[in-house]
Amino acid sequence: MISAIIVNHDGEAHLGRCLESLEGSGAEVLLVDNASRDGSLALVRERFPGVRVFPQEENLGFAAANNLAAAKASGETLLLLNADAWLEAGALDLLVAKVGDAPDIGLVAPRLRYPDGRRQFSWSPARGFVGEVLQKALNPFEAQAWVHGSMARWVARLVGATWYTAACVLVRAEAFRAVGGFDESYFMYVEDVDLCIRLEAAGWRLAQEP
């Protein structure tokens, strides 16, 4: 089983499209609502009654909210999906197949695109001065195919391990729990960098399914 985890905070404008993209996937869908003040909860309860909703009285942050849902998830794999992102048809099947290719793959990331179709970075060089300089150099060329290709990733790995953004990743539940999930001392941002570093340190491989 796949458990899809969505963390939401005032995401009513995008949340419907996100949840629609999971319909028919067979995934268990868990949504942690971080004290939204808009109509997010009403939207979910009216249009998506099968979603397991965990409303919070305060904003727990991205890391803690994902951990909360992961602890309640039943799936062998966890799809972490931002509330303002959505899956294209067939994407989830490809991610699942990639994880199934090798038992040492702990996390697989898809190609990300902006709504107008332009490419978006789903990966970055390891943190540190050289990695930051390299990412700054690549940013102006984000729409170009070559900066997303294997050669660019190989060059990036010369400065350290590549990490993938948690905007959309499929994580093996065993791997996620083995490293203790996200570090909740990160309220939002950088928690995905840290997770990738700890997964690789524990012997899990990170992969991309473009």
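# Close-up views of side-chain contacts and helix packing

**View 1. D104 and its salt-bridge partner R205.** In this predicted model, D104 has a relative accessible area of 34% and is therefore partly exposed, a term for values between buried (under 20%) and exposed (over 50%), as found with a 1.4 Å probe on protein chains only. The residue forms a salt bridge with R205, whose closest N atom lies 3.2 Å from the closest O atom of D104; such a bridge requires a side-chain nitrogen of Lys or Arg within 4 Å of a carboxyl oxygen of Asp or Glu. This contact links distant parts of the chain, 101 residues apart, with R205 in strand 11 (residues 205–209) and D104 in the loop between helix 4 (91–101) and strand 5 (105–110). Helices (H or I, at least four residues) and strands (E, at least two) are DSSP runs numbered from the N terminus. R205 is also partly exposed, at 38% relative accessibility.

Residues are numbered from 1 along each chain as its sequence is written, and side-chain values use heavy atoms, with hydrogens and water left out. Because the model is predicted, local features need pLDDT of at least 70 and side-chain atom pairs count only at pLDDT 80 or more, while totals for chains, interfaces and linings use all residues.

**View 2. A salt bridge between two loops, R37 with D10.** The structure holds six salt bridges, and one of them joins the side chains of R37 and D10, with 3.1 Å from N to O. The two residues are 27 residues apart: R37 belongs to the loop between strand 2 (28–34) and helix 2 (40–47), whereas D10 belongs to the loop between strand 1 (2–8) and helix 1 (12–20). R37 counts as exposed, at 70% relative accessibility, while D10, with a relative accessible area of 28%, is partly exposed.

**View 3. A salt bridge within helix 8, R198 with D194.** Here the side chains of R198 and D194 meet at 2.8 Å, N to O. Because they are four residues apart in helix 8 (residues 191–201), R198 and D194 are separated by about one helical turn. D194 is buried, at 15% relative accessible area, whereas R198 is partly exposed, at 22%.

**View 4. The aromatic cluster of F62, F176 and F182.** The count of aromatic pairs comes to two. The rings of F62 and F182 have centres 5.8 Å apart and planes at 55°, so this pair is tilted. F62 lies in helix 3 (residues 62–72) and F182 in the loop between helix 7 (173–178) and helix 8, so the pair ties together parts that are 120 residues apart in sequence. The rings of F176 and F182, with centres 5.6 Å apart and planes at 80°, make an edge-to-face pair. Rings of Phe, Tyr and Trp (its six-membered ring) pair if their centres lie within 6.5 Å, and planes under 30 degrees apart count as stacked, over 60 as edge-to-face and the rest as tilted. F62 is buried, with a relative accessible area of 14%, and both F176 and F182 are buried too.

**View 5. Arginines over aromatic rings.** R17 lies over the face of W86, 3.8 Å from the ring centre, and the charged end of R118 sits over the ring of Y114, 4.6 Å from its centre. A charge sits over a ring if NZ of Lys or CZ of Arg is within 6 Å of the ring centre and within 35 degrees of the ring normal.
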